[in-house]
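The exercises below go through the sheets, cores and aromatic pairs of one model. Work each one on the structure before reading its solution.

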Amino acid sequence: MGVLELIDLTVTHGATAVVENLDLAVDEGELFALLGPSGAGKTTLLKAVAGLHAPAAGEIRLDGSPLTDLPPEKRNVVMVFQKPLLFPFLNVAQNIAFGLRMQNLDSREQQRRIAEILELTQLEGLGRRRIDALSGGQQQRVSLARALVLQPALLLLDEPLSNLDANLRQQMRELIQDLQAATGITTLFVTHDQSEALMIAHRMGLLLEGRLRQVGPPRELFFEPVDRAVARFFGGRNFFSGYLEDGHLVTPAGRFRVPAGTANGRPLTATIRPEDIEVRASANGGLPGTIWRTSFEGSLTRLWVSCEDLELVALTPQRGCRRGQQVAVILPPEKLRIFPTDE
C-alpha cells in the first residue's frame, strides 16, 4: 500500500505559516510531483511527511493510519535529499545495505536485495566502488538505491536532480520514471523545474506561497490553468480582460464564445499561450499589429506584437520576422483559456 493523505495541514517556521490548511491525496503507486518556486514550502512539507518537522495543525495519514505523532523510523517513509548524503567511509554496497541492517534482515536476504537494486539502478559492477570515485549521477543513483532497497510504502524525493548538469538530469528523470514503474512505490517528488514535473508525474500540484493552487494531470495544469497565477507560472504571457455579452467574451482582441455559466456574473480573464498564436506576414485576416521586438530561440522566434492597446507575445516557427513589420495576429478560439477574474 502507500496512500498518502494530508488533511488541513499547517506547517510553520516560528510564527510564520509556510504551508497553511493544505489538503492533498496521493494515490497508491502514483508518482506525484509537487511543483513550485523556491520558498513556496515544498521541502518543509516533505519534511513534515517524513517526520523531520512537526506540523502546527492538521493530519498526515498513510494507508489510513495517522503518522503525525510517529517518529521518522516508524513511518515506513524514506526521503532522498538534494545532496546524496552518503557515507564516504563505506563502499556502494555497504551504503545501500545500511538501512537493511537496521531492519535486522538476514545476510542472504540483504545480498539478494542489494544485487537486485544494483541492477535496477544501473549500478551493476560498482558494489565495491568507493563513494568518492563515483560521478555525481552515480552518487545520486546510490542514494536512490539505498532508499528503494528498503521497499518503503512512500518515497519522498526532494529536488534530487537539481545539482546535476542538463544532460545527466534528463537521464536521471527517465531512470526515476523507470524505477517508479518497476517498483510501484508511491512517490512524492518535489521540484521547482516545471519541465521536470511535466515529464515524470502522473499527477502534479502547483504550490505557491504555501497554497496548492491547482492539482491534476500535467496536461491539465499546462493547458487549463484555473487562474492567472497558474497560467503565468507555466509560461503564460498574454492576458486580457473582458465581459460577457450574449454568450461571448468581449475583449480588445475580439469576441469569443464561452461555455454557458462560465462567468456567473463576474468579470472574465482570457489567456492564450504564445505558441498557440498564429502570426501572418500579411496584415489582412486577423488582428492587425506591429512587431516591436524579436528574440531568436532556435527552432522558434519570440515576437512581441503591439495591437493598438493590446500587447501580445507569440512564438512562431516563421523565419525572417523583423521589428516594425505589419502582421495579422490570429487567436484560435479553441486555444483560449477563460476563467473568472480574481485579481
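**Exercise 1.** State the strand order of the open sheet of 6 strands and find its edges.

Solution. The order is β6-β7-β8-β3-β9-β10, and the pairing is mixed. Strands (E, at least two residues) and helices (H or I, at least four) are DSSP runs numbered from the N terminus, and two strands pair if DSSP finds at least two bridges between them. β6 and β10 (211-216) each have a single partner strand, so one side of each is left without a neighbour in the sheet. From one strand to the next the twist averages 20 degrees; axes are lines fitted to C-alpha atoms, for helices over the stretch in contact, and angles run from 0 to 180 degrees between N-to-C directions.

The model is predicted: local features need pLDDT of at least 70, side-chain atom pairs count only at pLDDT 80 or more, and totals for chains, interfaces and linings use all residues. Residues are numbered from 1 along each chain as its sequence is written, and side-chain values use heavy atoms, with hydrogens and water left out.

Next, take one pair inside this sheet. β3 (residues 31-35) and β8 (residues 186-191) run parallel and are joined by 5 bridges. F32 has L188 as its bridge partner in β8.

**Exercise 2.** Describe the open sheet formed by 4 strands and the helix that lies across β1, β2 and β4.

Solution. The strands follow the order β2-β1-β4-β5 with antiparallel pairing. At the edges are β2 (16-26) and β5 (65-66), each pairing on one side only. Between β1 (residues 4-13) and β4 (residues 57-62) there are 5 bridges, and I7 has E59 as its bridge partner in β4. The helix is α1 (residues 42-50), which runs at about 115 degrees to β1.

**Exercise 3.** Which elements supply at least two residues each to the largest nonpolar core?

Solution. A nonpolar core is a set of buried Ala, Val, Leu, Ile, Met, Phe, Trp, Tyr and Cys residues joined through side-chain atoms within 4.5 Å. The largest one has 33 residues, and those touching the most other members are V92, I96, V142, L144, L155, L157 and I176. The elements asked for are β6 (77-80), α2 (92-102), α3 (107-120), α4 (136-148), β7 (154-158) and α5 (166-183). The most comes from α4, with 5 residues. A second, separate core has 29 residues, among them V11, L22, I60 and V77.

Now follow one member. Beyond neighbours within four places in sequence, L157 contacts (heavy atoms within 4.5 Å) L46, V80, L144, I176, T187, L188, F189 and V190. As for α4, this helix lies across β6 and β7, at about 175 degrees to β6.

**Exercise 4.** Count the aromatic pairs and classify F87 with F89, then F222 with F223.

Solution. Rings of Phe, Tyr and Trp (its six-membered ring) pair if their centres lie within 6.5 Å; planes under 30 degrees apart count as stacked, over 60 as edge-to-face and the rest as tilted. The count comes to 5 aromatic pairs. The ring centres of F87 and F89 are 5.7 Å apart and the planes are at 45 degrees, so this pair is tilted. The ring centres of F222 and F223 are 5.0 Å apart with planes at 85 degrees, so this pair is edge-to-face.

For accessibility, buried means under 20% relative accessible area, exposed over 50% and partly exposed in between (1.4 Å probe, protein chains only). F222 is buried at 17%, while F223 is partly exposed at 44%. F87 is partly exposed at 25%, and F89 is exposed at 66%.
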